[in-house]
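Look at the fold as a whole before turning to single residues. The paragraphs below move from the overall make-up to particular contacts.

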Amino acid sequence: MRTSLLTVVCLLCSVTYIQRVWAEGQVAVAEANLALRGRAGSNGTITEWGGVPFDIVVSQINDGETGWSPTTAFHGNGTLPSYAWISWDKPYRISRVVVHHASAGNLVKNFGVDTLRPGGDVRAEADWQPASDVKDNSQLVTTNVFAAPVVTAGIRIRSADQGLVLEELEAFGNTADGSPLDGIAHAPPLLRLRPFPAAHFVDVEVDLRAQETFARSATAQVTILRDGDEAALVETRIVTFSNVVERVRVDTSAMKPGRYRVQALMTIGGQPQPVIAEILEIPAQPEWMGNAVGLTDRVPEPWTPLRVDKRHKTISCWGRGYTFDAAVGFSQISILGQPFLAGPTRLTIQRNGRQTLATGGRWRIVAANGSKVAFVQESSADGVKVTAESWIEFDGLVWTKLTLSGPAVERVSLELPVRRDMAKLWCEPTWHLHPATGLAPTETMFLEPTEGAAQRGNFMRLGTDERGVQWCRESLKGWRLGDRSKAIGLIPRDSEYVMQFNFVNTPTDLARPLTIEYGWQALPVRPRPTGWRTPYWGGLQSRSDPPTLFNEPEVYMYTERWNGRWNYWNHWNADVFGADAPAGATIEALRQQFQDNWALRKEVMNLYCNVAATDGNTPEYRLYERDWTSETGKYLDYSAIKGRDQVVMASVCPAAASYRDFYVYYLDKSLRALQRGAHAPPMGALYFDVPMVWSCNNRAHGCDGVTPVLGVREYMKRIYTACKAISPSLYVTVHNSGMPWMATYAFADIMVEGEQFASAWEGRLHADATLPADYTRLLTPDILRAEFQSSLWGPQSMFLTEQWIWYARIKDWGREPHPPLEQSMRHISGLLLAHDILMWGNPAPDPWIQRALRRWGWDDRVEFLPYWRNAKHVRADTGGVTPVLISLFKRPAGLIAVVMNDSDREAFVQIELDLNALGLGDAGFYRACDVGHPPLKTPSYAFREGRVERVRVPARDYVMLQFIN
């Protein structure tokens with residue numbers, strides 16, 4: 001996921017005036033938003049761009065322009081301080097400061113507020129005094145940060161954790177001496193319409209424009225009439241205003257398409273006010289709404305239909321089988337022919353200090369076909385009724401809605417006991433560096449779950465290199481946590497390794513039933529895709545040979561705005577692409593361009609898509625913004641858009657069914673048009689950026705502060721099905737960057753990892769100058785085995801090195817040799833090759849790997865034998881140097897050994913191969929050549945009696961031995 005420099009933009013609301021009455025009978029004290037009278041600015045450090053300090057231009061806040069926003073970095077790296085301030089030419093009495101978070105809870109948690117002494121310099125640290133600190137506000141949209149009024153000439157917001165990202169700052173108060181504020185006026189009430197055409201309702205807002213003095217005496221009669229008619233279709237009344245702004249929701253499902261007049265007749269203090277009115281447009285249903293593209297009960301390849309064995313209460317899918325004769329969950333999970341669990345799932349209820357295990361386990365199927373089976377498990381424990389309503393789909397995801405009802409309890413725990421020999425590696429995917437990835441903890445460890453996209457304690461995997469289970473959830477709804485730090489546990493025991501989920505750890509009355517939703521998925525979810533070895537992945541001149549040399553395609557990976565827009569597929573919309581678009585001229589020009597690329601260079605485009613954003617400067621987004629956005633209340637300012645050709649990135653949430661309808665309909669239509677003709681490329685790819693999606697609070701499409709795992713799942717599943725219906729060789733790639741959510745990315749052929757390390761590692765370099773700028777202290781074999789290699793998940797893994805952060809500092813980079821950078825690329829190239837991970841790099845992957853592998857033969861006949869699973873095929877003496885990894889690639893009559901030295905010492909390695917065990921006893925190999933260094937096949941080592949002597953492998957480097965016959 002390449003992200004341009006985070007734009008520091010935020011909008012100040014329209015002028016707000018406040019009249020506050022402190023007590024009945026007292027004189028009202030006038031207060032205003034004094035932020036509108038000040039000057040604003042910020043400073044910080046963009047650490048990703050070489051640690052260069054920056055200042056946002058100090059400007060007049062009340063000039064009608066947008067305001068300010070400070071940031072320390074992309075991706076939440078807060079290694080250096082940042083500030084944002086408002087200052088005035090004289091002191092004011094500030095009663096409250098409201099901070100509007102622009103980070104949707106992902107960055108801002110803690111921050112400090114400082115005040116400025118009169119005549120002070122906003123850039124002078126000594127002129128500021130701490131006023132208050134705000135702790136753990138990650139879930140708040142606004143915060144009143146003062147407990148009592150303060151007199152100050154300025155307000156400064158100071159970052160205190162991962163970097164401060166603000167949208168707006170308001171400072172309410174009056175003059176320091178109590179004299180009247182000038183410029184206070186009572187603006188007339190305002191009527192706003194917030195239509196949700198896909199959800200078939202409109203929110204009608206009546207805004208008193210901050211006249212709080214009159215709120216308690218105001219009423220409003222809201223009426224909707226067809227434009228030009230006098231007969232009211234809808235009438236509703238706002239009897240009291242508890243806030244300055246009151247809202248009523250009106251169902252529009254029965255209204256025919258057309259124009260309607262919405263008006264409000266208000267009374268304030270018993271006095272009628274002038275009628276305020278706005279026009280509401282009800283659109284006709286578009287052709288794409290409710291379409292069935294990508295929706296089918298047929299199971300797509302490579303999966304197989306579900307098989308139900310009612311007698312043994314087992315449901316099987318590709319490679320896995322789940323047995324459900326436990327009280328809740330599973331009694332066993334079989335993965336690739338081996339049992340995974342040490343015992344049945346356990347649900348424990350604690351009441352009055354006594355723990356009781358749920359028993360009963362009545363299991364019944366509710367509905368079933370080849371792609372999905374729904375079932376119910378019912379049990380009880382100490383008077384608590386336990387009902388688990390679940391479904392399983394063909395990719396092996398089991399989703400459960402657990403309902404508990406009955407008396408009060410102190411604790412509810414769910415445990416999955418895993419066999420000790422299956423609990424070797426664990427992975428807790430998040431957008432950060434990975435202390436929580438690698439070897440499974442050998443002592444009990446608890447996790448504190450968090451909300452947001454990078455949730456802790458979510459999508460947690462435990463298993464071996466090739467078998468595992470992954471837990472997932474959308475939110476903590478239903479959990480009752482008195483102690484959040486003990487919510488999720490990894491507990492090694494003598495005979496089992498337990499994944500423990502403490503849904504309740506505080507006294508809770510279940511008289512009102514408690515419902516908790518979660519998912520389990522046995523891994524891998526699918527076999528690796530066919531044909532993935534054939535093309536060069538990366539583009540950007542990633543190969544040095546001409547494309548005709550091996551007659552293989554090259555996938556050009558990064559194609560953001562390939563059609564001039566941002567993730568927008570309706571190429572037939574004249575309002576976006578011009579007058580010729582309805583006739584298909586736009587898509588025809590693209591088709592011709594892509595087919596020329598194929599004919600001339602054997603190049604195919606990996607067309608850039610984006611799961612969390614689309615182009616807001618389009619007719620569809622303008623109409624359905626409120627239905628589709630994941631950031632309710634943060635709507636685009638269309639008055640600031642300058643013309644049809646301006647591209648505007650806007651948020652979307654794939655949980656919105658109408659957005660999925662729109663997106664998949666035009667994706668399918670465009671791809672079919674691009675594939676038309678006898679000269680169409682035989683394969684292609686789609687590249688989905690930001691597929692993890694952030695937390696969504698848009699209830700209009702069913703999200704209520706959740707990370708919409710199931711919504712993204714439906715989106716990706718539908719896209720995958722539609723793409724494979726067009727062409728089985730149309731690859732779906734996702735740039736998940738540290739979040740292998742297999743509930744959603746099962747429907748991908750390739751997962752792109754690695755970018756998450758770039759900014760985070762840069763932050764560590766700022767803190768510790770002794771660390772190397774490359775990845776030799778960042779990526780270890782254990783981390784790669786636990787998270788990045790493909791046999792864990794199913795889709796093929798690709799690693800994006802993103803070393804642009806530090807090599808961009810190198811003078812004359814790209815024009816002169818730079819040995820440290822070249823060595824860094826050899827280190828990462830060899831490490832990834834030893835794990836059979838594709839590499840897409842900045843700079844490009846080591847070209848000698850690609851050249852050698854393709855000359856040798858790089859296709860689906862290649863079998864990978866990794867270092868952790870080839871002990872019967874290869875033995876090595878490394879002279880005590882460790883770790884040295886030896887992975888094998890085998891094909892008929894061919895063998896390559898990758899010897900990766902991931903230590904700081906040079907190694908001389910003796911390798912002994914059992915060719916009979918490899919099935920290559922008759923291959924006739926007589927020497928081994930290092931084809932990983934130029935020139936090819938140099939140096940050469942004698943191969944006698946299955947042995948190669950003293951292969952020199954430099955520190956943090958590799959050799960790639962091709963055995964010659």
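What follows describes the chain overall, then its cores, a helix pair, an aromatic pair and the cysteines.

This is a predicted model. The protein has 965 residues, and 59% of them are buried. Its secondary structure amounts to twelve helices and 58 strands. Among contacts in the protein with a separation of 6 or more, 70% are between residues 24 or more positions apart.

Consider next the nonpolar interior. The largest nonpolar core has 92 residues, and within this core Trp-569 and Phe-688 touch the most other members. Helix H5 contributes ten residues to this core, the most of any element. What does Phe-688 touch, leaving aside its neighbours within four places in sequence? Its partners include Cys-609, Val-611, Tyr-663, Tyr-715, Met-716 and Ile-719. Phe-688 is also in contact with Val-732, Thr-733, Val-734 and His-735. There is a second, separate core of 57 residues, with Leu-306, Phe-330, Val-373 and Leu-402 among them.

Helix H5 also takes part in a helix pair. Two packed helices are described by the angle between their axes and by the distance between those axes. For helix H4 (residues 619-628) and helix H5 (residues 657-674), the angle is about 145° and the axes are 9 Å apart. H4 brings Glu-620, Asp-627 and Trp-628 to the contact, while H5 brings Ser-658, Tyr-659 and Phe-662. Sorted by class, the contact has three nonpolar residues, one polar residue and two charged residues.

Aromatic rings give another kind of link. The whole structure contains 54 aromatic pairs. In one of them, Phe-394 and Phe-747 meet edge-to-face, at 6.0 Å centre to centre and with 70° between the planes. Phe-394 sits in the loop between strand E27 (384-393) and strand E28 (397-405), and Phe-747 in the loop between helix H7 (742-745) and strand E47 (750-753), so this pair ties together parts that are 353 residues apart in sequence. Phe-394 and Phe-747 are both buried.

Last come the cysteines. A disulfide is a covalent bond between the sulfur atoms of two cysteines. How many disulfides does a search of the whole structure find? The search finds zero. Cys-653 is in no disulfide: the nearest cysteine sulfur belongs to Cys-696 and is 3.8 Å away, whereas a disulfide needs the sulfur atoms to be within 2.5 Å. Cys-653 is buried, at 0% relative accessible area. Cys-317 counts as buried too, because its relative accessibility is 3% and the cut-off is under 20%.

Methods:
Residues are numbered from 1 along each chain as its sequence is written. This is a predicted model: local features need pLDDT of at least 70, side-chain atom pairs count only at pLDDT 80 or more; totals for chains, interfaces and linings use all residues. Side-chain values use heavy atoms; hydrogens and water are left out. Axes are lines fitted to C-alpha atoms, for helices over the stretch in contact, and angles run from 0 to 180 degrees between N-to-C directions. Helices (H or I, at least four residues) and strands (E, at least two) are DSSP runs, numbered from the N terminus. Contact means heavy atoms within 4.5 Å. Ala, Val, Leu, Ile, Met, Phe, Trp, Tyr, Cys and Pro count as nonpolar, Asp, Glu, Lys and Arg as charged, and the others, Gly among them, as polar. Buried means under 20% relative accessible area, exposed over 50%, partly exposed in between (1.4 Å probe, protein chains only). A nonpolar core is a set of buried Ala, Val, Leu, Ile, Met, Phe, Trp, Tyr and Cys residues joined through side-chain atoms within 4.5 Å. Rings of Phe, Tyr and Trp (its six-membered ring) pair if their centres lie within 6.5 Å; planes under 30 degrees apart count as stacked, over 60 as edge-to-face and the rest as tilted.
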